[in-house]
Amino acid sequence: MSLKIFEIDGTLRGCEGQIWDRVNGYRWWKNELSEKEGGMEKFAEGYKIFGFNKTEGGYIYREWLPNAKQVFLIGEFNGWNNSLPLENEGFGRWKVFLKDKEDGSPFILHKTQLKVRVEANDGSWHDRVPAWTKVAWQDHSTNLFNGVFWEPPQEEQYSFKHARPEKPANLKIYEAHVGMGSVEPKVATYVEFADNVLPRIKRMGYNAVQLMAVAEHAHYGCFGYHVTSFFAPASRSGTPEELKYLVDTAHGLGIHVLMDLVHAHASSNTLDGIAQMDGTDHCYTHGGPKGHHSEWDSKIFNYLKYEVLRFLLSNVKWWLEEYKFDGFRFDGITSMLYHSHGIGKGYTGGYHEYFGPDADIDSHIYLMLSNDLIHTVVPSAITVAEDVSGMPTIGLPVEWGGFGFDYRLAMAIPDMFIKLLKEVGDDGWDMGHICFTLTNRRHMEKVVAYAESHDQAIVGDKTIAFWLMDAAMYTDMSIVQNPHHTMPVDRGLALHKMIRLLVQGLGGEGYLNFMGNEFGHPEWVDFPRAENGWSHQHCRRRFDLPDDDLLRYKFFQNFDELMNALENRFQYLSSSHQYVTLKHGEDKVIVFERGDLLFIFNFHPCNSYEGYQLGCCWNEPMRCVLDTDEGRFGGHQRLEYGHGNPFPA
């Protein structure tokens, strides 16, 4: 049966009775783009068509506004009046040629602020930030954002110096927010992050940094998840050239740079973003209730519209090509996979939950196309899916009929540990349940395991360190004032180390840590808002705490650094050999083999064991290479180490 497609208002749809599954849909799009656009890679260069582009004798500005009646380019260059109209090219495209001045300089100067003014077909007028703008700046007199004509002279353009690092087999991600990356209560810059935080990440043994809130977002407190300008880097932290410096600096340190990509939805902010770009509610997004995410108060893309697909795929290629990002963490995948957005649903693993009528095939096809494009443009790229539902084939290649992601996030793991710490006493931990949750992943689909991420650090929730030590994090961390061990800190420090090592050793093929959690950051994340007096006090990272030799925070960080050093040496994350030898409920003991190492955990709150018999696959003498109870990690140093310890103090 052949697939027939027809178009209504720019939306491609399958004819009634015809097959439109995700594999056939993906193949149809690939063929369509090959025939009509010269291939998907060329199609994904919409930024060479839309926005401002240099041409002979000037610039062409082009915008897609399918329901516009009149369009004008307004800005500082013409007093924000309607003196510069755009002409209708058809198919929703509007353009204007901006002839260079007689001296050869652009008609619009570098850093000029501007907008596009639209009269919709219903006669209403709207001022919009250009959808393809490379930079957007906030006007602090109105608090609204304007697009910026960003064309720096050649001598001011950043030139990359370092090649991309090779794709790591043992992925260890440091999740970070640039604006929070300062000890001082302020918005940190790209340059400060590059110079101060990246060397820490390198020293700690991570080989990738995942940057949150990269794309411009009008509301700082949204953590970057309500994007308003998809092609513009967040201006609060600096310029495009400074972001390029950050990425290049990371590459020089051998660190991959992943971007938190938000294509599951767009900000509903019509004044600063692309929602209702042409005055209707169905330009880039679905119209009506289908286009509104009830829990996020945001707008849902229409992934079947030709120009929407161009916009999103071009956005992917833009960040890869222009800024040299090495891949993406796709945010909110669960919302994309289902018409219900997963709201109010619990997923048990039954295939009917994934492949029934709730499956949003249009989104599935987009994700396949996007992953195909990413790995074609940058073969070493890494893509990670944030999906809480457990959708099968998320982590399988597109060629196999999968979605094409390299990894999926193991989101059940942090939920399990928070539930244990919140609701269950130490003697009630179920070793079998812990092991099951850590190893419960789909065959041949790699996962990134983590004990906690930014989700657990946000105000209203608690990090693992906070659940473990609570107020003692403020009163008992001084070695001078409290030279002796205290129970809250002893217990908290021990479990914090054990949980992280257990997750890294058994939880997946990759590992993730959110900035600051490696040293048990004592404060939550609370962005500036009216309720806290617009304070940055809790929107920063206290890197000074583990660097203070008189505070016990150093023990958390020391262990994290040596744990990653252990993994870098033995690379057990990339090993296919993983076998749980023992999960003893009464003794609270977990033993497993991973790679060339045998991991032994005693979670019993009271009992220690000697002469404990274990089975393993090796028949030769063994030596301890890492012990969470070592003195340099704040432990009691119960074991004696010989000269064979590969990580001496």
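**Exercise 1. Which residues are buried in α1?** Work it out on the predicted model, then check the helix length and see how the buried set is arranged.

*Solution.*
- Start with the length. Helix α1 covers residues 22-37, and at 1.5 Å a residue its 16 residues should span 22 Å. The end C-alpha atoms sit 21 Å apart, which agrees.
- Now go through the burial values, with under 20% relative accessible area as the cut-off for buried. The buried residues of α1 are R22, G25, Y26, W28, W29, E32, L33 and E37.
- Next, look down the axis. These residues cover an arc of only 160°, so they lie on the same side of α1.
- A bit of helix geometry helps here: an α-helix has 3.6 residues a turn, so residues three or four places apart point the same way.
- Finally, flip the helix over. On the face turned away from the buried side you'll find R27 and E35, both exposed.

**Exercise 2. Describe how β6 and β7 are joined, and find the residue with a positive phi in the turn.**

*Solution.*
- Take the pairing to begin with: β6 (residues 87-90) and β7 (residues 93-99) run antiparallel, with three bridges between them.
- Pick out one bridge: G90 is partnered by R93 in β7.
- Then the connection: two residues separate the strands, making a hairpin, and F91 in the turn has a positive phi of about 55°.

**Exercise 3. Two more residues, N143 and Q571, have a positive phi without being glycines. Place each one and classify its exposure.**

*Solution.*
- N143 has a phi of about 70°. It's in the loop between β10 (135-139) and β11 (144-149). Its relative accessibility is 49%, so N143 counts as partly exposed.
- Q571 has a phi of about 50°. Look for Q571 in the loop between α16 (553-570) and β25 (578-584). At 35% relative accessibility, Q571 is partly exposed too.

**Exercise 4. Which residues have the most contacts inside the largest nonpolar core, and what does Y284 touch?**

*Solution.*
- The largest nonpolar core holds 169 residues, with F193, Y284 and W319 having the most contacts inside it.
- Helix α5 (residues 306-322) is the top contributor, giving ten residues.
- Domain 1 (46-156) and domain 2 (578-633) each supply at least three residues to this core, although the centres of the two domains are 64 Å apart over C-alpha atoms.
- Zoom in on Y284. Leaving out residues up to four places away in sequence, Y284 touches W64, A131, W132, I274, M277, F301, N302, V308 and F311.
- Don't forget the second, separate core: it has twelve residues, including L171, L258, V448 and Y450.

Notes. Residues are numbered from 1 along each chain as its sequence is written. This is a predicted model: local features need pLDDT of at least 70, side-chain atom pairs count only at pLDDT 80 or more; totals for chains, interfaces and linings use all residues. Side-chain values use heavy atoms; hydrogens and water are left out. Two strands pair if DSSP finds at least two bridges between them. Helices (H or I, at least four residues) and strands (E, at least two) are DSSP runs, numbered from the N terminus. Domain bounds come from an automatic or database domain assignment. A nonpolar core is a set of buried Ala, Val, Leu, Ile, Met, Phe, Trp, Tyr and Cys residues joined through side-chain atoms within 4.5 Å. Buried means under 20% relative accessible area, exposed over 50%, partly exposed in between (1.4 Å probe, protein chains only). Contact means heavy atoms within 4.5 Å. The expected span of a helix is 1.5 Å times one less than its number of residues. The arc is that of the directions from the helix axis to the C-beta atoms.
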